[in-house]
Every structure is written in structure tokens, then in C-alpha cells.
Amino acid sequence: MAKKRGGKKVLSSAKHAEEKDAPVKEASESELHKKSNIIDSYKFKSLNIPISVVVYINPGDFVPTYDLKISTISRNTEIILERIRKELVHRVNLGMVDITAEKKTAYVEKKFGEAIKDLIGKYFPDIDDRTAEFLSSYLIQKSLGLGKIEILMDDENLEEVAINSAEEPVWVYHRKHGWLKTTVHVESEDKTRHYASMIGRKVGRQITILNPLMDANMETGDRVNATLMPISNEGNTITLRKFAEKPWTITSFIKSGAISPSAAAMIWEAVQYEMSTLISGGTASGKTSMLNVVANFFPPNQRIISIEDTREIRLPKFLHWIPMATRLPNPEGKGEVSMLDLLVNSLRQRPDRIIVGEIRKKREAEVLFEAIHTGHSVYATVHANNVKETITRLTSPPIDIPKSMLPAVPLIITQYRNRRTGLRRTFQIAEILPDSSPNIMMEYSTKTDVLKSINKSKVVVKELELYTGMSPQEFRKDLLDKEKVVQWLVKKDIETVDGVGRAVAEYYTNPEKFMKIVRQNKNLF
């Protein structure tokens, strides 16, 4: 007898399949847990495909393994699905539609989805709806997507997916466990190259033997870097950095312990009164996340321009915001739009605030500091592990700006990632004194996991008092109010960019009314 699912014979009319085979077989839980030294396990869905993950470490291994289990498809059903996939080519008529065009992706998937449902109905007439959806998702992913790589990208616990070569497993960077080997392999170097080319075509980039390097953004916002042999000696590579679907806000920073409410209040005070700020840190330390947090505090009545290589900044929808992104040259070396081009152009658009993704070159830094001197508030990131290194990096080649220009940026915030635990924290908050030396006001202790006040402000507080006219008592009250607001955001679990942005806008619009809501612990929305 044929196996039944949902009270129907699943393969009764699929002549090419053995009756004892069901189209879908669930992964065995007992098999998953035979692994010794299990570190973690969880489930998620990729489209309609149920996925199980077990993270374990084998005796003698130095790196844990990320074991990906998908509901398996029987061998005979796989043959039929491959026949369906080939028939799709003749069935789907896309006309003149460019299947690689970003805006046409949904249209193409819809056309394929309709054809796939018809064909599944033809070959599996008695299949239940749940299994039909599963097989349809499987075929779409196999035909139009990146296969199992796309499934990895749907795991919210992963930050990075890396293909180093066809000879070794795919690697992933897990939020909790760091770098892990996976049980996923890419079939061949040709397959990796095909994936890279497909991604490139979708975003208007080419990767070829003559142009063997590609750095681009996918339509989902995820970042991709690819290289071809022989530039990467061992094989073709693809590195995918996932775009955070839920951008960091001050609420999520405080919840995770990345920053204290008092430090957040100090940063907010400086941002409100248009003090330019530099955010530094090492790779993956949370520089861009902190830049997003700083931008949470922008007033709603100001014009903001952001300039990035890769679109990562997310601001509330109601802000007066113009996001801009650089563009690489085409294969003929033409059409490049650099960060410097955009920075110079932005000064002609009458911005109140300018956000710069990262300072890398001298000319960019010079224009940025010139913008500050002409009355614009600038917020930018730079690679450096602490405040002292930040000053050294800014005043040494290739940036190499005169040290005397540094006081134009009153505030430096340094981010830190503990490579042993994976925790990201605000490491230092410092001000630049008139002699260009730093005064570190707050510093993080790795032993106690606390951001402590270590020195009083010598510049920031005096400047704020001077330019706002607030007395020391009024200044302290303003800081205390802001600290209460961020604590209220945490209590009320207001964690989205738009939610935090609206609360901040309400504070700016009518501070007395808003602080009454905060003190009474009422809901704003």
C-alpha cells in the first residue's frame, strides 16, 4: 500500500515512483541526537521547508559542526521533481523580462510558482496541500535560488556564510558560537562560480576571469564578496554577510548590556546639540550598529544625508533623509561614484546632518572635517580598536590629517567585540581636548562587564552649557530626563527604529508632556 499523508494516497498516480516511497520523509530526531557533545539545537523554516539544526563537536575536532537537516525527498520523487524542473523551461514564458533584474524577481518567482503548482498537480494528483507547498518551495529554491546556501541565509542566528572551495564544507559565523563548519557542501567549483555570476547579474555586476573580484549588495540588502581561481588559489569563494532585518536601536543596545542608560543619555545630549561624533572599533565590533543608534537621536525637523559603500543605515521613515550609496566602475573602468564624490555633492544639498559609512582616505577625511568647520554635524566610522588608536589612525597615512584638526570632532565612541565570548560592548567614550589629546570619560571593564565613568568631562559639558545657555543644574536635569526616557523605552519594549524614532520625536516636540508620560510609566502608542 502507498503511504498516506492527510488521509490521501500521495503517490497513487505517480507511475514512475515506487508505491512505498512518500515524496517527503521527515528527518529523524533520534538520528540528530546521536551526535555526542551537542552544544545547541533549534528549528526554523526556509520558505515552507522545515529545517533542523544541531551544533555539536566531535571528539578530536577543534571547531564545532553546524549540522543542517532538511526534510528529505525520496529518490524516486527526486527523479520526478527533476523532470518537472526541466519541463518548467518549456512551460514558463517570460517574454522579454530580464530574469536577473532586481525588480522582476518577484514576478519571475510568481510565474515559476504557478507553473510548478500545475506540474505538481499533474504528477502528484492526490498530494495534500502541505506537501505540495513544500515541494513547490523546494523546486523554486533549486531553480532560481542558491540551494542550501539560501537555506543557511534564512537562519536568523547566522551573520556570515562563507564558501572557501568545493573541497571543504561551507563555513558559517553563528551569533552564539562563532565560526562553525557545516554539513553543507557545494558540488563543484563551477557551481560556486555559477552562484557568483547569478548574484552578480542580479545586481548589475560581472565576475569573470578578467574581473575575478566582486563586492556587491544583494536585493535583500545582504553583502556579497566573491573571488575566482587562480586569485583564490584553493578554489572559487563566496562570502555572504547577512543584512540585519532588525536594525539595532538604543533599546536593543541597553537590553543586551552593550551600553548603560547613563552613557546613552550622554551620547543623546551630544547628538541633540549637533556635536559631531566619530565611532571607531575593530571588525564586527558594532560600529555601524552604534551609528544606527546615534542616528536614533536625530531631531525630526532636520535634513539628513547618509553616504555608504553598502546600504546599512536604517532611520525612521518620517525623517527628512536622503540615503546615498557609492558605485564601483564598470568593466571598462567607467561610471564610478566614490564616497568623496558623494561627500562633496552632499554639501550642496543643505544638510543639517551628514552620516559617512567609513573614513578610509585622506581626501575623504579632509572634506569631512571641512564640512564640520562649515557648520555641519558629521557622524562617521573608522577602523581602530581604542581612542588612542583612533587618533593615531586619523593622523597617520593613508588618512594623515593634521592633528590640529581633531578638536573639530568633540566626541569619539569606541566599540569592542570580545573574541572569546563574542559579546559586543561600547568600550570607550572620550572627548578631544583643545591640544588634540583624548580625555576618556567612560571605559568598559572586561572583568565586571560594566561601562564605568573614569574622568569628568572637560570640553563636551562646557561646550554644551556655553552654546545652549543651560546652567550646570539644568544640564544635569536634562541628562537625567534622557536617562529616564531610554529606561522607559526598555520597560515598554520599544525596540524598532520607527518606534524609538517616534518616541525621540515626541520628546523633542513637547518634552514636558512626554516626560509626564515617562514618569507615570504610561504607553505612548
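Buried means under 20% relative accessible area, exposed means over 50%, and partly exposed lies in between (1.4 Å probe, protein chains only). The model is predicted: local features need pLDDT of at least 70 and side-chain atom pairs count only at pLDDT 80 or more, while totals for chains, interfaces and linings use all residues. Residues are numbered from 1 along each chain as its sequence is written, and side-chain values use heavy atoms, with hydrogens and water left out.

**Exercise 1.** Describe the salt bridge between Asp481 and Lys477, and state how accessible each partner is.

*Solution.* A salt bridge is a side-chain nitrogen of Lys or Arg within 4 Å of a carboxyl oxygen of Asp or Glu. The side chains of Asp481 and Lys477 satisfy this at 3.0 Å, N to O. Next, locate the partners: both lie in helix α14, four residues apart, which is about one turn of the helix. Helices (H or I, at least four residues) and strands (E, at least two) are DSSP runs, numbered from the N terminus. Finally, consider accessibility: Lys477 is partly exposed at 49%, whereas Asp481 is buried at 8%.

**Exercise 2.** Determine which parts of the chain are linked by the pair Glu495 and Lys255.

*Solution.* The two side chains, Glu495 and Lys255, form a salt bridge of 3.1 Å, N to O. Glu495 stands in the loop between α14 (472–491) and α15 (497–509), and Lys255 belongs to helix α7 (residues 250–255); the pair is 240 residues apart and links distant parts of the chain. Glu495 has a relative accessible area of 16% and is therefore buried. Lys255, at 39%, counts as partly exposed.

**Exercise 3.** Carry out the corresponding analysis for Arg425 and Asp449.

*Solution.* The side chains of Arg425 and Asp449 meet in a salt bridge at 2.9 Å, N to O. Arg425 is found in strand β20 (residues 424–432), and Asp449 in the loop between β21 (438–445) and β22 (450–453); these distant parts of the chain are linked across 24 residues. Arg425 is buried, with 6% relative accessibility, and Asp449 is partly exposed, with 36%.

**Exercise 4.** Establish where Thr277 lies and which residues it contacts beyond its neighbours within four places in sequence.

*Solution.* Thr277 is part of strand β14 (residues 277–281). The relative accessible area of Thr277 is 1%, so this residue is buried. Contact means heavy atoms within 4.5 Å. With neighbours within four places in sequence set aside, Thr277 contacts Val378, Tyr379, Ala380, Val409, Leu411 and Ile413.

**Exercise 5.** State how many salt bridges a search of the whole structure finds.

*Solution.* The search finds 16 salt bridges.
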